[in-house]
Structures are given as structure tokens and as C-alpha cells.
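This report looks at salt bridges, helices and a surface patch. The structure comes next.

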Amino acid sequence: MQPSPFRPPMMANSSNSLELPPVQAVTSGAFPPTSNMLSAPPSRPGSGMQMAHLLQPMPQGPPPHQQLTSAPIPAPGPMSGPVPGPSTSPYSRFYESGSGSPAESGGLPDAPPVGSVPGNPGLFQTSPIGHHSQSAQQKRAYRQRRKDPSCDACRERKVKCDASDSTSCTECLNRKVRCQFTKDTNRRMSTIKQVQDLEKQLAQHRSLVDQLRSENLRPKHSTSELDEASMQQVVRLPEIDYKPARRPRQPVSQNLSEVRLNLRKYGKGLLKEPTPHRQHGPQSFVGDDAPSLPPKDLADHLLAQYYNCIHSVLPVLHWPSFTSEFEKVYHAGTLVGVSSEWAAVLFGVFACGAIHTVESNREEEGKEFVRISCGIIDVWQDSFNLDRARAALLASVFLYEVNSKSSSWVWIGSAVRVAQEIGLHIESGPWSAIEGEMRKRLWWGLYTWDRILALEMGKPVLINDQDCEIDLPYPVDDQYLTETGAVPEGQQITPLLATIHVVRSLGQLTRTLRWPTLTSATLETFERHFSTCLATFPPHLQPNNNQDLDPRSLAPAIYLQNARLLLYRHNISPHCQPSVRESAVDSCISISVDTANIISRCMRPHAGTDWRTLFASAAGTLLCTHLWRCSLFLLFQQEFGPALACVQASAAVGDDRAINASCGRYLAFFLQLLLDRLQRGKNTLEQDEEMLAYVSGDMQGTTDGNWVWQGSESGSELETMSSTPNSHPPQEPEKGWPGWEWIEQTVQYLSSEKQRQLEMQREHQKRFEQHRQQEQNPEKEIQIRQCLPQQHMQQGMESDGRDVNMEIKQEASMLQPESSVSGEDRQNNSAHSRMTIASII
């Protein structure tokens with residue numbers, strides 16, 4: 001129901017309520033008609049008047065000397081047409097022009113217009129045949145130029161409103177609010193303006209509904225094309241020449257030393273001085289309940305394994321200083337009086353070194369060291385140092401290596417927060433040469449580990465690149481770091497910067513993997529960046545180098561190859577087009593072959609040591625996982641040769657690593673599925689959605705990349721499902737599985753069998769070419785046969801009476817296109833392949 005267009009008379013009462021009189025009272029009793037004015041036509045809905053009738057302008061009357069004073073003309077009936085008059089509406093003048101000034105009209109601006117009803121938007125009591133006097137016409141001219149009604153917002157703020165019938169006012173545009181006329185206190189055009197607003201909204205909603213309906217009616221195969229065309233994937237990768245953006249700080253001219261002194265004295269408990277202006281707090285030391293140290297020979301072995309396998313990748317310790325303190329502790333024979341944080345770092349080094357040995361109980365031994373490391377730390381200590389961040393980082397590294405990834409994720413968060421608390425992420429100082437360099441190395445070590453865990457677990461990164469204001473570390477060994485800061489020339493460059501260049505792009509990669517499909521432009525952008533990173537690698541890590549490779553130096557190359565594989569693997573999702581999925585599989589196969597070539601360089605004796613022992617001690621969780629992913633793609637594409645190299649490397653690690661045992665169990669299951677399909681004669685698996693889901697592997701464990709869990713139970717449904725009597729609980733994986741030896745033997749047999757088939761095809765192709773040449777020159781063959789003795793002609797027949805030429809023709813027919821080969825021949829060949837696979841099973 002529309003609000004009444006009439007403005008009720010102000011009547012004082014106890015309730016301050018306003019009552020709207022009936023139309024008859026307003027038109028007859030409220031304003032008595034005069035001799036020169038006629039009553040306005042009724043405007044209630046029951047009178048038959050439409051909105052268009054209300055907007056009709058006042059018709060032109062006769063000249064003044066023909067002025068009539070007859071009775072008002074009655075309003076037209078419901079079936080009557082509109083009153084004839086000019087086509088120009090006076091309401092456009094009200095919204096387009098401003099009100100006249102009092103000087104122009106000679107009247108007060110707030111005087112009500114004669115013959116009009118206050119509050120009625122456009123209802124004037126005018127007559128098409130009667131006219132006013134000269135004074136009335138002057139007042140009417142001013143009243144018609146009176147200012148337009150204000151919108152709701154302008155009336156509340158009591159400011160000037162310049163709204164028109166088609167545009168909003170300036171105040172509402174500047175304040176970004178909606179300009180509307182809905183309040184009953186507006187004097188004109190409130191109802192009309194509201195109708196116009198509703199019509200605009202209705203038109204917008206209709207347009208939106210039509211757009212959604214048209215999108216739903218489009219073919220499903222065009223969805224990816226629409227997304228690729230409409231969604232602009234913006235990828236910003238860091239430059240290799242890293243220059244941190246520092247915030248400028250304006251110096252203060254006043255001497256505020258007294259203020260600083262008072263803040264240190266009276267601000268305790270309220271504020272802490274920013275780094276590096278903060279004084280070192282009280283340190284905690286190991287008491288009489290100090291844990292016992294392991295034997296010296298075992299400790300030396302654990303330190304050596306840590307240095308060879310972890311320190312080259314994460315050089316967060318100044319090794320000469322650490323070993324010097326280590327010797328002092330063992331010379332004293334106890335940890336009493338040693339800093340608690342340094343003791344926690346020592347046992348963290350022991351734990352990480354133990355995990356890189358070949359002992360069968362290495363995980364249990366390492367876990368005991370981690371318990372001691374975490375127990376030494378004083379949780380009530382509120383002032384931190386570098387060793388506190390190092391201890392948390394080493395705990396995270398060990399937990400990840402024993403496949404406790406969630407706990408590792410929590411501990412890296414603690415390490416990053418400690419580092420930010422002591423200001424490692426910003427440029428500060430002055431520091432000594434060694435301490436300043438170690439602050440950089442510790443921060444970039446935390447940065448590297450944060451990026452690796454985020455990519456592997458599908459989590460958001462903890463460190464924001466915009467918060468880093470510290471330079472890159474020097475790529476030199478610790479022995480060249482001195483207090484003078486001088487670095488001798490000709491020293492060997494470490495792969496530290498190569499690792500940092502790769503992981504700096506992983507933050508953008510984790511955000512990119514949230515998109516449903518990666519466009520070709522996005523893939524090319526990442527590929528160019530990875531090629532630039534590869535150019536910074538040391539010579540022994542270049543792909544065109546064929547020299548022997550130490551598996552303990554594989555980390556930068558594996559980081560790069562793993563990032564490329566996860567990038568292209570994202571497009572094997574069924575949400576992508578078939579051509580995009582096929583291209584993604586091909587790219588993953590190429591990356592897996594490159595990885596197999598790198599791994600094969602490690603399968604050579606190194607300094608008289610068996611490569612299997614060296615590889616097993618150096619392999620970490622990331623390397624084992626990457627080899628598992630590559631093996632899945634290579635087996636899926638039946639590239640058994642490169643797959644054998646990856647499987648042999650994984651078999652060298654064995655079941656002592658928890659993550660590698662899980663990888664082997666999954667590979668055995670996948671290999672059995674592959675053999676079953678090959679036995680049934682299904683040689684191409686590109687259209688097998690079940691096998692593609694298995695190939696995706698841990699991609700189904702990410703939030704944005706999975707697709708097999710869509711439509712599955714979630715939330716409280718899982719509890720309901722587990723409480724149902726007939727429901728089957730999740731089955732634990734079988735502890736007994738064929739083992740790595742069976743996987744290696746099966747892949748090796750498949751590789752040799754495929755190699756034998758390739759050699760047979762080449763031999764058949766050679767015979768087919770010879771037979772075709774003979775058919776092209778039949779006359780020459782007849783002449784040769786006529787010149788040969790009869791006994792030589794008989795050599796073409798074997799002892800069992802078979803014709804050799806006929807056998808060549810039969811073999812050549814096997815190499816012809818499939819359309820030219822009979823169905824019986826194809827069936828025999830397929831049966832032979834199935835018999836071979838059945839013998840393997």
C-alpha cells in the first residue's frame with residue numbers, strides 16, 4: 001500500500017501521532033475553494049486515475065479577458081481518457097532547475113503555494129479553464145520554482161540535495177550511500193521517486209536472472225573456456241636479484257635520552273623496547289638435573305651426519321662456534337651451567353643426525369633426543385634469543401622426517417614467531433660480522449622450511465614476503481665467516497642461494513594451486529622462473545652434467561623438480577578439459593624422467609662406499625615422497641625404464657623410514673591394479689578415471705586439489721556413520737605387503753619385457769622394409785633367382801618345410817596399421833600379452 005501523497009496538518013496531541021484525513025476532507029474542508037480557483041481532481045486509486053494522469057501538466061487556459069468562474073470540471077471517470085494538454089511535464093523542471101530566490105519572487109521561500117496541498121508530490125489545484133489574478137500568478141511562478149524535495153540522507157543531515165528523477169544527489173554519491181525518497185515527511189515526488197527506484201531494481205534483477213539462466217544453459221564443456229577467458233590469473237614471482245624494500249625512518253632532532261631512560265624504568269610490564277634497542281633479558285641455565293650426554297663417539301657420528309645431510313641445506317648454525325662449545329661441554333662431562341637454549345639445540349642436532357643414519361632404531365633414538373630437547377626449554381622464559389628459534393626449527397625438521405607432519409607444522413609456527421619477536425625479519429644492528437650473518441641465515445632457513453611445509457601439506461605460508469626486510473646471506477662456508485667480515489677469493493660457492501631462489505616462489509605457488517585450472521600463461525610464467533633458478537645452480541646440479549652426484553647435495557634439485565611436478569599435476573583434475581589433462585600428464589612424465597636421470601647419477605660408487613648405504617642415510621622425507629610421485633606417473637604411462645631407477649632408489653631406503661614404507665605399500669597396490677588392467681588387455685589408461693585418481697596420490701589430501709571426497713560424508717555425518725551398527729570403520733592398511741623387493745623385481749621384468757618387444761618391433765620393421773623393397777623390384781629378384789643354382793633356391797625352405805619368405809610376409813603384416821590387420825591376429829597378440837602379465841602375477 002503506497003503512502004498518502006498528502007501532508008497532514010500538524011495537530012498537537014498527547015501521543016504526537018499524525019492522522020491522515022480522508023481525501024474529501026483535504027479537497028473540500030481543509031482548503032475552501034475560492035472564486036478564482038477550482039478544486040483539484042481526485043487522486044485516490046478508487047477514482048480510476050492512473051499514475052500517468054497524475055503526471056499530466058496543467059493545460060493552457062484562455063486569455064485573461066476570457067477568464068471563467070464557472071464550477072469545477074468534474075474528474076474523468078474510470079473509462080475516460082487523459083485530459084488533453086501539452087506533452088512536456090512540469091516535473092522535469094522541478095528536478096532540473098533550482099528554486100528561485102526570494103528576491104526574484106518577492107515572497108518568502110517557505111510560504112506554502114496557494115492552491116496546492118503541502119506534501120503532495122505534484123498535486124496542484126489548477127483548472128484548465130480558470131486563472132488566478134496577477135498577484136496569484138506571481139506567487140505561483142515562485143512556488144513552481146521552489147526547491148525540489150530532499151532525499152532521506154540529505155534531510156537527516158540537513159544539507160542541500162540536488163537529486164533529479166534520473167540521478168542521485170552529489171552528497172549520496174560522495175558518501176557512497178543510496179539516494180532514495182521513502183520517508184513520509186518528503187514534500188514532493190517521494191512516491192514517484194520510490195516507484196522509479198523499484199523499477200530500476202526490478203530491471204537489474206531481471207537482467208541478472210537472464211544472465212544466470214543463459215550461463216546455466218551453456219554446454220558443460222565450455223565452462224573451462226569461460227573461466228580461462230574471464231578469470232585473470234595474476235602471478236607475481238620474485239626476482240632473482242633480491243633487493244629488500246626497507247621502510248624509511250626519519251631521524252629525530254630532539255635529544256630524547258631522558259625519555260628513553262624513563263620508559264625503561266616506568267614502562268616495565270607495559271611495553272618492550274623494539275629490537276635492537278631491547279636489552280638481553282635474564283638467561284636460564286641447566287641445573288643439577290641436567291640430562292646425561294650420549295657417548296662421545298656416538299655424538300661425533302651424529303654431528304657428522306647432521307653436517308653432511310642438513311647443515312648444507314639449512315646452515316642455521318655457525319659450525320666452528322658450535323663445535324667449539326660442543327668440545328667444551330664434553331671436556332667438562334656435564335651440561336650443568338650451560339644455557340638451556342643451547343642445550344636444547346645440541347639435542348636437536350643429535351635427533352636430526354640420528355634420523356640420517358642407517359641404524360634400525362634411528363627413529364626411536366631420535367625421538368628420545370627430541371623429548372630431552374623440548375624438556376630443557378624453560379616455558380616461563382619471556383625473553384628469547386637465536387638458540388630458542390633454532391631449537392624449535394630442529395624439532396620441526398625431525399618431526400617432519402618421522403612423518404609427523406602436523407606436529408612439524410605447529411613447531412615451525414613457534415620458530416617463526418620467536419624469530420619475529422627478536423626481529424630477525426627486519427634489518428637491525430649494528431651487529432658483529434658473525435652474528436649479523438647468522439641472523440640472516442637463521443631467518444632464511446626458517447623461510448625455506450616454512451615454504452616447503454606449506455607446499456607439501458597444502459597449507460598457507462606463515463611468513464609474508466612484505467614483512468621481510470633483511471638481505472640474503474653470503475653463499476660461503478662457515479669457515480670463511482670471520483669477525484672482520486672478509487671473504488677470501490676463489491672459495492667454493494655453496495648451493496644456499498640456489499635453494500632460497502627456488503623456495504621464494506613457493507609462496508605464490510601455494511596460492512596458485514587454489515585455482516581450479518591453471519592457464520598456459522601461468523604455467524609458462526612459472527617455467528621461466530624455474531629456468532632462471534636453475535641457471536643459478538652449481539655446475540654439478542645442472543641437468544646436462546653426467547658426472548657422479550653425491551645424494552647429500554640433491555636438495556636444491558629436488559626442491560625444484562618437486563615444485564614443477566606439483567604445478568603441472570594440478571591440471572589432471574576432472575575439472576579441466578581433456579586436452580588440458582593430457583598435456584598435464586605429459587608434463588609430469590617429462591619431469592619424472594628428468595628426476596630419474598638425476599637419481600641415476602647417484603647410483604654409482606662414491607668414495608668406495610656403496611651407493612645404497614649412502615643414499616639411504618641421505619634421503620629425507622621430501623625425496624622419498626617425490627620419488628613416489630614420479631614412480632606413479634611413470635608406471636601409469638608404462639615408462640618402466642625410468643620407473644625402475646626411481647623404484648631402486650626407494651628400495652635402497654627401505655622400510656626403516658615410516659614415510660618410505662607408506663610409499664612402498666601404495667606403490668604395490670597401484671602396481672597390482674596396473675597388472676590387472678594389462679592382463680585384461682587395457683594398454684591405454686588415459687581415460688581411466690580410477691587410475692588417474694590413484695596417480696594423483698596425496699593431491700587428494702589437500703583442501704583445494706582433491707575431488708574424490710566431493711559428496712562424501714563430512715562433519716557430524718562421520719560421527720553418525722561411525723555409530724551405525726552396520727557401518728564399516730576405516731580399515732587400517734595391511735602390515736604385510738609384498739615389499740620393495742617384489743616391486744623392484746616386477747618393474748624390472750616389465751622393463752625388460754618392454755625392451756624385448758621394442759627390439760622385436762625393430763626387427764620386424766627391418767624385415768618389412770626388405771620385403772617392400774623386394775616387391776618394388778620383382779624383375780630384379782626373378783633375374784637373381786634364375787642365375788642361382790637350384791640347390792641355392794632350396795635354401796629358402798627350412799628343414800621343417802616352412803617358407804622363410806612367407807614368414808617375412810606374415811611378420812610384415814603384423815606391423816601394418818590396425819585397420820589392415822585381421823581381428824584374429826589382434827586377438828592372438830593380445831592373448832600373448834595377457835599370458836605374459838599373468839606369469840608375472
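A residue is buried under 20% relative accessible area, exposed over 50% and partly exposed in between (1.4 Å probe, protein chains only). By that rule Arg629 is buried, with a relative accessible area of 2%.

The model is predicted: local features need pLDDT of at least 70, side-chain atom pairs count only at pLDDT 80 or more, and totals for chains, interfaces and linings use all residues. Residues are numbered from 1 along each chain as its sequence is written, and side-chain values use heavy atoms, with hydrogens and water left out.

**Salt bridges**

A salt bridge is a side-chain nitrogen of Lys or Arg within 4 Å of a carboxyl oxygen of Asp or Glu. The count comes to 24 salt bridges. The table gives three of these pairs.

| Acid | Base | N to O distance |
|---|---|---|
| Asp465 | Arg451 | 3.2 Å |
| Glu456 | Arg629 | 3.0 Å |
| Asp698 | Arg569 | 2.8 Å |

Helices are DSSP runs (H or I, at least four residues), numbered from the N terminus. Glu456 pairs with Arg629. This pair links distant parts of the chain: Glu456 is in helix 17 and Arg629 in helix 24 (residues 621–636), 173 residues apart. Glu456 counts as buried at 9% relative accessibility.

Arg569 pairs with Asp698. Arg569 lies in helix 21 (residues 555–569) and Asp698 in the loop between helix 27 (689–696) and helix 28 (716–723), so the pair ties together parts 129 residues apart in sequence. Salt bridges that share partners join Glu456, Arg569, Arg629 and Asp698 into one network. Within it, Arg569 is buried at 7%, while Asp698 is partly exposed at 24%.

**Helices 15 and 26**

The expected span of a helix is 1.5 Å times one less than its number of residues. Helix 15 (residues 386–401) has 16 residues and should span 22 Å; its end C-alpha atoms are 23 Å apart, which agrees. Because 16 of its 16 residues are buried, helix 15 is largely enclosed by the rest of the structure. Just after helix 15, Asn403 takes a positive phi of about 70 degrees.

Helix 26 (residues 658–679) has 22 residues; the expected span and the distance between its end C-alpha atoms are both 32 Å. Gly681, just after helix 26, takes a positive phi of about 80 degrees.

Notes: Helices (H or I, at least four residues) and strands (E, at least two) are DSSP runs, numbered from the N terminus.
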